[in-house]
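I opened a new notebook page for this one. Below are my entries, in the order I looked things up.

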Amino acid sequence: MSADTAKCTSNACENPLISAEQREKIDEVRRLVGTFPDKLTTFSSDASISRYLMAQNWNVKKATKSLKETLKWRLKYKPEAIKWLGFHVPKMVLAYLLLLEFVELRLGVLDEVAGEAATGKMYRSNYKDKHGRPVIVMRPSRQNSKSVPEQIRYLVHCMENAILNLPENQEEMVWLVDFSGFNSSNISLKSTRETAYVVQVYYPERLGLAILYNPPKFFEPFWKVAKLFLEPKTTNKVKFVYSEDPNTLKIMEEEFDVDQLDSAFGGKGNADFDFDKYSERMREDDKRMQSQWEGGKIACEAPHQP
C-alpha cells in the first residue's frame with residue numbers, strides 16, 4: 001500500500017478532515033465487516049473505508065459488500081505476491097522464452113508477469129502528473145497475449161505497483177492510453193469487462209483520470225458498449241484527447257508538465273519503454289512490496305479530504 005506519514009494508533013487511521021456523519025458511516029462499515037485478516041488490517045483504515053464509501057456514494061450497505069468482496073479476493077488472489085521476475089532476464093532471452101511459452105507456463109516456480117510487459121503495452125512511467133499522481137501508460141496496439149487472466153494479472157501488478165509508489169497524501173493514479181497503431185483486432189470486450197470490474201470493485205477511487213489519446217473513429221461504437229460496464233463516476237474520469245484538437249489538448253497542459261510528458265502524448269519528453277531498465281525498477285519495487293507484506297508493516301493510507 002502507499003507509504004505515507006499517516007500514523008495509526010489502532011486498526012484505523014485517524015483523519016480529522018472527515019465529518020461527523022462520514023465518521024459514523026466509516027465506523028458502521030468497519031463494524032459490519034467485522035474481523036479483518038491480519039495482513040489486511042490496513043483496509044480497516046479511515047482512508048481505505050472512505051474510498052469504498054465514496055465509490056458507492058456513501059451507501060453503507062453497498063460499500064460493505066464491496067469491501068468484503070475485496071478482502072475475500074485478496075486472500076485468494078494474493079495480488080501483493082505477484083512478482084515481476086525472480087531473476088534478471090535480458091530482453092532478447094525473454095523473447096525466446098516467450099516463444100517457448102516458458103513465461104506463460106511459469107513451470108510452477110515463478111509467479112511473474114514480465115512476459116506480459118515485454119512489448120511495453122502497459123507500464124508505470126517515470127514521470128507523474130502535476131498532482132503527483134503515478135502515471136500508467138497503456139498501448140493496446142502492443143497487446144502480446146491472448147490470455148485474459150494473464151492480462152488481468154499484469155494489470156493487478158501495475159495497480160499494486162502504482163499504489164506502492166503513491167506520494168504522501170495522494171491516493172489516485174492516472175492512465176494514459178496511446179491509440180497509435182490501434183486496429184479493430186485489438187478490441188476485446190471480455191478484457192475490457194474484466195478490467196472495469198477489477199478496477200471498480202477491488203480498487204475503488206484509485207483511478208483519478210484516464211486519458212484516451214487519439215482513439216480512432218471506429219473506437220466510438222465500442223466505447224458506447226464499454227460504458228455499460230462502467231459506473232457513472234468512472235465514466236466521468238475518462239477524457240478523450242485529440243492531437244489536432246486544441247480544446248482537448250488543454251487537458252494535457254493542465255494535467256502534465258509538457259517537458260516531462262512523453263512525446264507520444266504531445267510532450268517534449270523521450271520516455272520510450274526500455275524493458276531492461278524497467279525490469280530493474282520492478283525488481284526493486286518487488287523487494288519493497290515483499291518486505292512490507294512479510295513484515296506486517298503495511299503503512300496506513302494517507303488522510304484525504306472526502
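What volume does the second largest cavity have? I get about 50 Å³ for the second largest cavity. A cavity here is a set of points, on a 1 Å grid over the protein atoms alone, where a 1.4 Å probe fits but cannot get out, and its lining residues have an atom within 4 Å of a point. Grid points are joined across faces, edges and corners, and the volume is the space filled by probe spheres set on the points.

Ground rules before I go on. This is a predicted model, where local features need pLDDT of at least 70 and side-chain atom pairs count only at pLDDT 80 or more, while totals for chains, interfaces and linings use all residues. Residues are numbered from 1 along each chain as its sequence is written, and side-chain values use heavy atoms, with hydrogens and water left out.

**Entry: the two cavities**

I stayed with the second largest cavity and looked up its lining. Eleven residues line it, and the closest to its centre are Phe43, Ile163, Tyr202, Tyr203 and Arg206. I sorted the lining by type: seven nonpolar, no polar and four charged. (Ala, Val, Leu, Ile, Met, Phe, Trp, Tyr, Cys and Pro count as nonpolar, Asp, Glu, Lys and Arg as charged, and the others, Gly among them, as polar.) H2 and H7 each supply at least two of these lining residues. Those labels are DSSP runs numbered from the N terminus: helices are H or I with at least four residues, strands are E with at least two.

How many cavities of 30 Å³ or more does the whole structure have? My search found two. The largest has a volume of about 70 Å³. Its lining includes Pro79, Glu80, His157, Asn161, Asp285 and Met289. The elements giving two or more residues to that lining are H7 and H12, and H7 gives the most, with four. By type I noted four nonpolar, two polar and five charged residues.

**Entry: helix H2**

Is H2 mostly covered or mostly open? It is mostly covered, with nine of its ten residues buried. (Buried means under 20% relative accessible area, exposed over 50%, partly exposed in between, with a 1.4 Å probe and protein chains only.) Among the buried ones I listed Asp46, Ile49, Arg51, Tyr52 and Leu53. They pack against helix H1 (20–33), H3, helix H8 (189–202) and helix H10 (232–235). Just after H2, I noticed that Asn57 takes a positive phi of about 55°.

**Entry: salt bridges**

I counted 20 salt bridges, each a side-chain nitrogen of Lys or Arg within 4 Å of a carboxyl oxygen of Asp or Glu.

The first one I checked starts in H2. Arg51 pairs with Glu171, with the closest N and O atoms 3.5 Å apart. Arg51 lies in helix H2 (residues 46–55) and Glu171 in the loop between helix H7 (148–164) and strand S3 (173–178), so the pair ties together parts that are 120 residues apart in sequence. Arg51 is buried, at 3% relative accessible area, and Glu171 is buried too, at 7%.

Next, Arg133 and Glu255 form a salt bridge at 3.2 Å, N to O. Arg133 sits in the loop between strand S1 (122–128) and strand S2 (134–138), and Glu255 in helix H11 (residues 246–255), so this pair joins parts that are 122 residues apart in sequence. Both of these residues are buried.

Then a pair within one helix: Glu284 and Lys287 meet at 3.5 Å, N to O. They lie three residues apart in helix H12 (residues 275–294), about one turn of the helix. Glu284 is partly exposed at 45%, and Lys287 is exposed at 52%.

I also found Arg23, Asp27, Arg30 and Asp46 linked in a network of salt bridges.

**Entry: nonpolar cores**

Which residues touch the most other members of the largest nonpolar core? Of its 58 residues, they are Trp84, Tyr154, Leu155, Trp175, Leu176 and Met252. H7 gives the most to this core, with nine residues. (A core is a set of buried Ala, Val, Leu, Ile, Met, Phe, Trp, Tyr and Cys residues joined through side-chain atoms within 4.5 Å.) Apart from it lies another core of 19 residues, among them Val29, Tyr52, Leu53 and Trp58.

Terms used. On a 1 Å grid over the protein atoms alone, a cavity is a set of points where a 1.4 Å probe fits but cannot get out, and a pocket is an open set with protein on both sides within 12 Å along at least five of seven lines; lining residues have an atom within 4 Å of a point. Contact means heavy atoms within 4.5 Å.
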